[in-house]
Amino acid sequence: MMKMPNVRLEVMQTIEKSMDKLLLKYLKPIEKNWQPSDLLPDSMSPEFFDEVNEIQELAKEMNYDLWAVLIGDTITEEALPTYETWLMDIEGVEQDGKNGWSRWVRAWTAEENRHGDLLNKYLYLSGRVNMREMEISMQHLINDGFDIGTGNDPYRNFIYTSFQELATNVSHRRVASFSKIAGNQRLAKICGIIASDEARHANAYIEFINRIIELDPGQVMLAFEDMMRKKIVMPAHFLRETGGAIGELFTHFSDAAQRIMVYTTQDYIDILESLLKQWDIEHIVDLNDSAEKARDYLMALPKRLKRISERIKIPEKQYEFKWIGI
Ligand SMILES: [Fe+2]
Ligand SMILES: [Fe+2]
């Protein structure tokens, strides 16, 4: 019997040939890139304590829910080991042979690692975080891992990461603009610079899927439909705090984000719409019946989600997070 060709692997190997160019286009040279210390007080400087004082005064003024979301975002960023190991397991990514895809995953991880590092140090200096509680949540989240419903399929994974990078872009960008309004310039700059990394990464994953569409459009359509039927879960959906069960805290975190409009159901719908457009799902040709049906489902989904979202009620009452000191 003839062996069936592994199309996904062939597609990954084809795109891998352009990896040098893709790395240059979407990631920054390490020594020219910003580092966390560029945005934090220098502990070797005599002004260090004055700057920390200023950070602490301004931190007190920050809205409670916004502060909770910032801590949740930090924990999400700090669970990077989970994401790197997950991506290394995708079909076509070979850590062993140090192929182009594993170079991408390492280089992306190295950039992302600065996000959690910067936010964590800022929160430590802020004087308004119960660091031990935050660290316990961080250790739990890495310990619990996640299940994003992609398996080791490159198509599903890059659809997921396209969505996620856009979602984190929205979340960090909003925290930045609310911080600016609150007069907290430093935090605005911190979240703004992280948001711009996320936007750049989103563009990379969106291009990966665009290239895959050129080679294997029908399977991308089916993968996209499958991911949207399962719903895109956030990487921190297993979030918990001391004594709490897996995932319990995530609901409170996500409610807080909805209440202050940092990340809402409408944002989820907007991201879906922007992906439909950027992948030009409407105009992909040469599809079989099931892929055509998948396209119909996807194109109708934003409207359906809008109807559902009108019925969702967000609890008005704030949840008391153990992470927040005062
Ligand atoms: Fe990030
Ligand atoms: Fe990211």
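**Iron site, helix α1 and aromatic contacts**

Biologist: To start with E112, is that residue buried or exposed?
Modeller: E112 has a relative accessibility of 5%, which is under the 20% cut-off, so E112 counts as buried. Please note that this is a predicted model.

Biologist: Which metal ions does E112 bridge, and how far apart do they lie?
Modeller: E112 bridges the iron ion (ligand 1) and the iron ion (ligand 2), and 3.3 Å separates the two ions. E112 belongs to helix α6 (residues 100-126), whereas E198 belongs to helix α9 (residues 185-215). These two residues are 86 residues apart, and the pair links distant parts of the chain.

Biologist: Which protein donors does the iron ion (ligand 1) have?
Modeller: They are E77, listed twice through OE, E112 (OE), H115 (ND1) and E198 (OE), at 2.1 to 2.4 Å from the ion.

Biologist: And how are those donor residues spaced in sequence?
Modeller: The spacing for the iron ion (ligand 1) reads E-x34-E-x2-H-x82-E.

Biologist: Is E198 buried or exposed?
Modeller: E198 is buried, its relative accessible area being 1%.

Biologist: Changing topic: which residues of helix α1 are buried?
Modeller: In α1 (residues 7-16), the buried residues are R8, V11, M12 and I15. Viewed down the axis of α1, they fall within an arc of 100 degrees, so they line one face of the helix.

Biologist: Is there a general reason for such a pattern?
Modeller: An α-helix has 3.6 residues a turn, so residues three or four places apart point the same way.

Biologist: What covers the buried residues of α1?
Modeller: The cover includes α2 (19-26), α6, α8 (154-181), α9 and α10 (217-230).

Biologist: Where does the charged end of R8 sit?
Modeller: The charged end of R8 sits over the ring of Y155, at 4.1 Å from the ring centre. Likewise, R229 has its charged end over the ring of Y297, 3.9 Å from the centre of that ring.

Biologist: How many aromatic pairs does a search of the whole structure find?
Modeller: The search finds 17 aromatic pairs. In the pair of F48 and F49, the ring centres are 5.2 Å apart and the planes are at 75 degrees, so the pair is edge-to-face.

Biologist: Are F48 and F49 buried or exposed?
Modeller: F48 counts as buried, at 14% relative accessibility, whereas F49 counts as exposed, at 63%.

Biologist: Finally, which residues do ring pairs link into a cluster?
Modeller: The cluster linked by ring pairs consists of W101, W104, W108, F158, Y205 and F208.

How values were computed. Residues are numbered from 1 along each chain as its sequence is written. Chains are lettered from A and ligands numbered from 1 in the order in which they are written. This is a predicted model: local features need pLDDT of at least 70, side-chain atom pairs count only at pLDDT 80 or more; totals for chains, interfaces and linings use all residues. Side-chain values use heavy atoms; hydrogens and water are left out. Donors are N, O and S atoms within 2.8 Å of the metal (3.2 Å for Na, K and Ca); water is not among the atoms, so sites may look incomplete. Helices (H or I, at least four residues) and strands (E, at least two) are DSSP runs, numbered from the N terminus. Buried means under 20% relative accessible area, exposed over 50%, partly exposed in between (1.4 Å probe, protein chains only). The arc is that of the directions from the helix axis to the C-beta atoms. Contact means heavy atoms within 4.5 Å. Rings of Phe, Tyr and Trp (its six-membered ring) pair if their centres lie within 6.5 Å; planes under 30 degrees apart count as stacked, over 60 as edge-to-face and the rest as tilted. A charge sits over a ring if NZ of Lys or CZ of Arg is within 6 Å of the ring centre and within 35 degrees of the ring normal.
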